[in-house]
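The following exercises concern strand pairing and the surroundings of a single residue. Please study the structure shown below before reading each solution.

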Amino acid sequence: MPPLDLTADEVLTTTRAVRRRLDLDRPVERALIEECLRLATQAPTGRNRQRWDFVLVTDPAKRAALADLYRLGLARPRQQVVRDGTDRGDPVRGRRIAESAQYLYDHLHEVPVLLVPCIRVQGRHENASHVGQANTWGSILPAVWQFMLAARSRGLGTAWTTQHLHYEREAAELLSIPYETVLQAALIPVAHTIGTDFRPGPRTDVDEIAHWDTW
């Protein structure tokens, strides 16, 4: 499938979290995923170590089991996630996002491809410090975002989710991921989109977030 006729700026501003507009009935070609992965691995990574791995889950039984862990993470989280602090979002739009998230909750097992991006570590102690976390996540998140941008340019939709990480060990057992030396970063549904006409999302004005030389 040739890329959509989008400029770089259009790809950057219209790559949205897609949930309700994922086409659950249309298969995703393996070659298309591999194209996105090749672009993903051009992302910067700390000291060019390229510690990333990408687990693509297409088996229906494994997709269903992984979706169950995602739902369990929402229903019975094992770690407290602090949700206080800055919130620049629109409350009305927040309700729409909640409805969209509910749709994904109900249909995640039907998404044709579930991507679990991973990063190799010497041990889980590497993330004990803030610097260690920045180094680790900074070496996988750019690659995942490049995958999502590449997917958008090819008519695929994605969404970043992390709820299954409450049950990361169980997910590791399901997918034969070495738990002690490989960290899972997210769970990304991947499917063709219903329509390709996505628009930029509402965002805070740059003047409110840019701090020049001092806070």
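**Exercise 1.** Determine which residue in E2 is the bridge partner of Phe-54, and describe how E2 pairs with other strands.

Step 1. The bridge partner of Phe-54 in E2 is Pro-117. Strands (E, at least two residues) and helices (H or I, at least four) are DSSP runs, numbered from the N terminus. The model is predicted: local features need pLDDT of at least 70, side-chain atom pairs count only at pLDDT 80 or more, and totals for chains, interfaces and linings use all residues. Residues are numbered from 1 along each chain as its sequence is written, and side-chain values use heavy atoms, with hydrogens and water left out.

Step 2. Strand E1 (residues 52–57) runs antiparallel to E2, joined by six bridges. Two strands pair if DSSP finds at least two bridges between them.

Step 3. E2 is also joined, antiparallel, to E5 (residues 188–192) by three bridges; here Val-113 has Val-190 as its partner.

Step 4. Three bridges join E2 to E4 (residues 182–184), again antiparallel, and Cys-118 is partnered by Gln-184.

**Exercise 2.** Establish whether Thr-161 is buried or exposed, and identify its surroundings.

Step 1. Thr-161 lies in the loop between strand E3 (156–158) and helix H7 (168–175).

Step 2. With a relative accessible area of 7%, Thr-161 is buried (under 20% relative accessible area; exposed is over 50%, partly exposed in between; 1.4 Å probe, protein chains only).

Step 3. Not counting residues up to four places away in sequence, Thr-161 touches Tyr-70, Leu-104, Ala-186, Leu-187 and Pro-189, where contact means heavy atoms within 4.5 Å.
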